[in-house]
Amino acid sequence: MPAVAATPTAIHRSQLSDRGQPRAVAKGARGVLVMGMSDDGEPLGWLTDDGRQWVEHTLGAAEHQTPEVWGVASYGGDYVAVGATVERVVRRIAESGIVPGPDTQVTYISGRRAPTVWWTSDCVSWSGQSFEDVVGPHADLIAVACDGDRLVAVGGILDHDGAQTTRGLVLTSTDGTTWRRVDIDDDDAAFNEGAFTGIAVGDDAWYATSVDIEGGAVWTSPDGERWTVVDGSRDAFRGLTLQGIGVDRGRLLVAGAGLFDPEPHYFVSRNGGRSWRRARLDLAMLAGSDALVTDLAVIAGDIVVVGTHRGAPVLEGGTLYVGD
């Protein structure tokens, strides 16, 4: 059958800067915001109102804490970012090895990882809230989405040694500041050492991606709280990672890569994730072996992908080609 192209995107191709790694993208009242991390390990945002000129913003951190930002969504007039705050445990080492002095070297080791939510209305001043009592001992929030009324953030729970466990993390909120954990009790929904990696919402359902040591899977929920694995998705994405999911006029779109091969691939489903086809996005930079894709989203009908091309942060809008 002939290929069918989606409506051409209005999002322009753009190299955001010469540093950093973007991790997520969302459109809000002030424009398109890409969140990620700088090469120095600091949270970094790129904001544009025209898709061409980008303004960089940083997200501050309290002393002895290292924030890591993974996901972003718009909520009302605000942007909401999610990730983790890593406690830095101070260890002082004197050059003499006995008495600390002016030449004492200060090193840090990572302590507890607490899932964290930040929010802002102007992308300049951010407020944050960590949830140290939600899970233990460590957890990450990786992605967040909003249907206009409810925010749902997803991620993973880690054990004492920092390894992924068999349960994903889901937090929900109706105001952006008060969050509640959702328990996933179904044994069929267990991971083999994995986590949720993306989330999106359509007209009648929520969807999420996950990855574990065997590969990826797609999940669905009627309300953002009751989650089940879509039949057949684990087989469809065995051996692949999935990072980013979007909903476009009833179609599900995901970006993926091999567990040991970062070259991006794109997939589309027309039946709620029960079957998938390999698709092609007409991308110039975020395709091929020089590219690493970290998020896919649908923004106002446009398919948008962020990642790095030869180490530089890039956002691209693409037209999707699939065969019927």
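Arg249 lies in the loop between β19 and β20, and this is a convenient place to begin a walk through the predicted model. The phi angle of Arg249 is near 50°, a positive value in a residue other than glycine. Is Arg249 buried or exposed? With a relative accessible area of 59%, Arg249 lies over the 50% cut-off and is therefore exposed. A second arginine can be described in similar terms. Arg310 sits in the loop between β24 (302-309) and β25 (312-318), and Arg310 has a positive phi of about 55° although it is not a glycine. The relative accessible area of Arg310 is 65%, so this arginine counts as exposed too.

For a view of the whole chain, the secondary structure comes to one helix and 26 strands. The chain has 324 residues, of which 52% are buried. Among contacts with a separation of 6 or more, 51% are between residues 24 or more positions apart.

Confidence in the model deserves a word here. The mean pLDDT of the chain is 84, and 82% of the residues reach 70 or more. Over residues 92-99 the pLDDT is below 50, and this stretch has 11 contacts in the model beyond near neighbours in sequence. Residues 1-9 also stay under 50 in pLDDT. For residues 1-9, the model has 26 contacts beyond four places in sequence.

Two strands offer a closer look at how parts of the chain come together. Ala208 is found in strand β16, which covers residues 206-212. How accessible is Ala208? Its relative accessible area is 0%, which means that Ala208 is buried, the cut-off being 20%. Setting aside neighbours within four places in sequence, Ala208 is in contact with Phe196, Gly198, Ile199, Ala217, Val218, Trp219, Trp227 and Ile245. One of these partners, Trp219, is 11 residues from Ala208 along the chain, and the C-alpha atoms of the two are separated by 5.0 Å. Three of the aromatic residues in this neighbourhood reappear together: ring pairs link Phe196, Trp219 and Trp227 into a cluster.

The other strand is β13 (residues 164-173), where Leu171 has its place. Leu171 has a relative accessibility of 1% and so counts as buried. Between the C-alpha atoms of Leu171 and Arg181 there are 4.4 Å, with 10 residues separating the two along the chain.

The aromatic residues can be followed further. The structure holds four aromatic pairs. One of them joins Phe237 and Phe267, whose ring centres are 5.2 Å apart. The planes of these rings stand at 80°, so the pair is edge-to-face, a label that applies over 60°. Which parts of the chain does this pair link? Phe237 belongs to the loop between α1 (233-236) and β19 (240-248), while Phe267 belongs to strand β21; the two are 30 residues apart, and the pair links distant parts of the chain. Both Phe237 and Phe267 are buried.

Phe237 takes part in another aromatic pair, with Trp276. This pair is edge-to-face as well, at 5.2 Å centre to centre and 65° between the planes. Here too distant parts of the chain are linked, as Trp276 is in the loop between β21 and β22 (277-281), 39 residues from Phe237. What are the accessibilities of the partners? Phe237 has a relative accessibility of 0% and therefore counts as buried. Trp276 has a relative accessible area of 16%, which is under 20%, so Trp276 is buried.

Phe267 leads on to an enclosed space in the model, as Phe267 is among the residues lining the largest cavity. How many cavities of 30 Å³ or more are there? The count comes to one, and the space in the largest cavity is about 40 Å³. The lining consists of Leu253, Val254, Tyr266, Phe267, Leu281, Leu296, Ile303 and Leu320. At least two lining residues come from each of β20 (251-258) and β21 (261-269). By residue type, the lining divides into eight nonpolar, no polar and no charged residues.

Definitions and conventions:
Residues numbered from 1 in each chain as written. Predicted model: local features only at pLDDT ≥ 70, side-chain atom pairs only at ≥ 80, totals over all residues. Heavy atoms only, no water. pLDDT = per-residue confidence, 0-100. Contact = heavy atoms within 4.5 Å. 1 Å grid on protein atoms, 1.4 Å probe; cavity = no way out; pocket = protein on both sides within 12 Å on 5 of 7 lines; lining within 4 Å. Points joined across faces, edges and corners; volume = space filled by probe spheres on them. Helix = DSSP H or I, 4+ residues; strand = E, 2+ residues; numbered from the N terminus. Nonpolar A, V, L, I, M, F, W, Y, C, P; charged D, E, K, R; others polar. Buried < 20%, exposed > 50% of the residue type's maximum accessible area, 1.4 Å probe, protein only. Phe/Tyr/Trp six-rings, centres within 6.5 Å; stacked < 30°, edge-to-face > 60°.
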